[in-house]
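Me: I should like to understand the terms used for this structure. May I ask about them in turn?

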Amino acid sequence: MMAVLIIFHLLAIFVPALGDAFIGVNIGTDVTNMPSPTEVVALLKAQGIQYVRLYDADRAMLRALANTGIRVIVSVPNDQLLGIGQSNATAAIWVARNVIAHVPATNITAIAVGSEVLTSLPNAAPVLVPALKFLQAALVAANLDQQIKVSTPHSSFIILDSFPPSQAFFNKTWDPVMVPLLNFLQSTGSYLMLNVYPYYDFMQPNAVIPLDYALFRPLPPNKEAIDSNTMLHYTNVFDAVVDAAYFAMSYLNFTNIPILVTESGWPSKGDSSEPDATIDNANTYNSNLIRHVLNNSGTPKQPGISVSTYIYELYNEDLRTGPVSENNWGLFYANGAPVYTLHLSNAGTIFANDTTNQTFCVAKSNADTKMLQAALDWACGPGKVDCSPLLQGQPCYDPNTVDAHATYAINAYYQKMAKSAGTCDFKGVASVTTTNPSHGSCIFPGSRGKNGSSTNGTALAPSTNSTNSGCLSQYYNGGPLTSSLILTLILSVAVL
């Protein structure tokens, strides 16, 4: 398996409502060539990932996780819920086989009972709370109830009228389940497990959610959503949904149950009806999600209260049915190669990368041509990149397009600057990839270990008052440059 390096800065053990937040990952297994448990754990260790959620309690996986220190949520699959919810003996056997047999070598911290039962398997709702109670009793008998919590992941769609958050409430149809469930969580010191998907909120047919609001992108104050009842300002969908859950619990008189987000993410590919399922948007969402969670800011309603979150998911699951997006939520392909490179502003670049550190800076597929031309001009001018391979008759002249030539130039600058943070942005038209863009005899800087050398210059970008982008139309012969294309290019140091 390709060893890769995303540094998640994962933090201390999760203590409900206290302490630092952490980022974990979900591990789905609907993959044609699913890596072996040993290979999966090798990837987790290479990434520094310390929190995982399994969708079952696979014995081989739990054994592979032994003695790693990785904190594990095991799950009762929906198809086992009925048996456990009807028999405390069955629950005790499940705990003995899937928990007691593996601790303390495997650091199991929670049992997730079912998955979105109320919305995906409503007929099983009557046995949900009994299942939680039977499993809890088995943990108490084994003296494991303090270190292992029991809960059940819910879809955020159990919340009705989620905006404004202060008016949110759980679907009243489920009150006979939610009230005893919340009583159980409160009495056992557990947490409400919630799956939060701004992508699905954004994709709702009647939704009027701006894409930037869903992706955690900065909004001007006049674009922030304001809860008129509380006057709390919301800059992203994620916080609004989490606060809606807090308010829905308070509506039922439960005010001290923390929330653990068990799934959140964004698909990197979709079909024709999913135009916003793109690598750029997946990268933006997950990078911003990580930053948001780890800054421990909490939510507008619960500032400073950590909302630890598990990203959905580790691998692209190609065997899942449904739209194309269902197969493209992963951070990695099954062979361990990253789907894209995560970025964190003010923390450098988080490389999803192989051990040779071969990363490249390329033009985004949807980038504005004028901005790409400006990036090309600046890199070949003030950026002092050698763009001679782009001249007619040279190896990288073809294809003679702005995006192809810009990709060569901005990558050359990125390599020249030793891949420093902020050197692959070019006002949002560029992104880092591990796919080598070299083609034919056109070998890009950074290929085959040629990573370029760092310069001693202190400026990572042209200054804001620069007026010379370099009139370098010789590097693109598609037509004369107009004055509108000779623009000042300002590189953003803050990523995304």
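Me: What makes a set of residues here the largest nonpolar core?

Reply: The model is a predicted one. A nonpolar core requires buried nonpolar residues joined through side-chain atoms within 4.5 Å. The largest such set has 105 residues. Leu-44, Trp-94, Val-99, Ile-111, Val-113, Leu-182 and Leu-314 have the most contacts inside this core. Its largest share, eleven residues, is supplied by helix 10 (residues 237–251).

Me: Which residues does Trp-94 touch, not counting residues up to four places away in sequence?

Reply: Contact calls for heavy atoms within 4.5 Å. By that criterion, the residues touched by Trp-94 are Ala-57, Val-74, Ser-75, Val-76, Gln-80, Ile-84, Val-99, Ile-111 and Leu-135. Apart from the largest core lies another, of 29 residues, including Ala-363, Ala-375, Val-385 and Leu-390.

Me: Why is strand 1 called largely enclosed?

Reply: A residue is buried if its relative accessible area is under 20%. Five of the five residues of strand 1 meet this condition, so the strand is largely enclosed by the rest of the structure. Both of its faces are covered: one side carries the buried residues Ile-23, Val-25 and Ile-27, while Gly-24 and Asn-26 are buried on the other.

Me: How do you know that strand 1 pairs with strand 13?

Reply: Pairing needs at least two bridges between the strands. Strand 1 (residues 23–27) and strand 13 (residues 309–311) are joined by three, and they run parallel; the two strands therefore count as paired, by the definition of at least two bridges. Ile-23 has Thr-309 as its bridge partner, and Val-25 stands opposite Ile-311.

Me: What joins strand 1 to strand 2?

Reply: Three bridges also join strand 1 to strand 2 (residues 51–54), again in parallel. Here Asn-26 has Arg-53 as its bridge partner. Between these strands the chain passes through helix 1 (residues 37–47), in a right-handed β-α-β crossover.

Me: Why is one side of strand 5 and of strand 6 left without a neighbour in the sheet?

Reply: The nine strands form an open sheet with parallel pairing, in the order 5-4-3-2-1-13-12-9-6. Strand 5 (149–151) and strand 6 (153–155) stand at the edges and each has a single partner strand, so one side of each lacks a neighbour in the sheet. From one strand to the next, the twist averages 25°.

Me: Which strands does helix 6 lie across?

Reply: Helix 6 (residues 125–141) lies across strand 3 (71–76), strand 4 (107–113) and strand 5, and runs at about 155° to strand 4.

Key: Residues are numbered from 1 along each chain as its sequence is written. This is a predicted model: local features need pLDDT of at least 70, side-chain atom pairs count only at pLDDT 80 or more; totals for chains, interfaces and linings use all residues. Side-chain values use heavy atoms; hydrogens and water are left out. Helices (H or I, at least four residues) and strands (E, at least two) are DSSP runs, numbered from the N terminus. Axes are lines fitted to C-alpha atoms, for helices over the stretch in contact, and angles run from 0 to 180 degrees between N-to-C directions. Buried means under 20% relative accessible area, exposed over 50%, partly exposed in between (1.4 Å probe, protein chains only). A crossover is right-handed if, with the strands pointing away from the viewer, the path from the first strand over the helix to the second runs clockwise.
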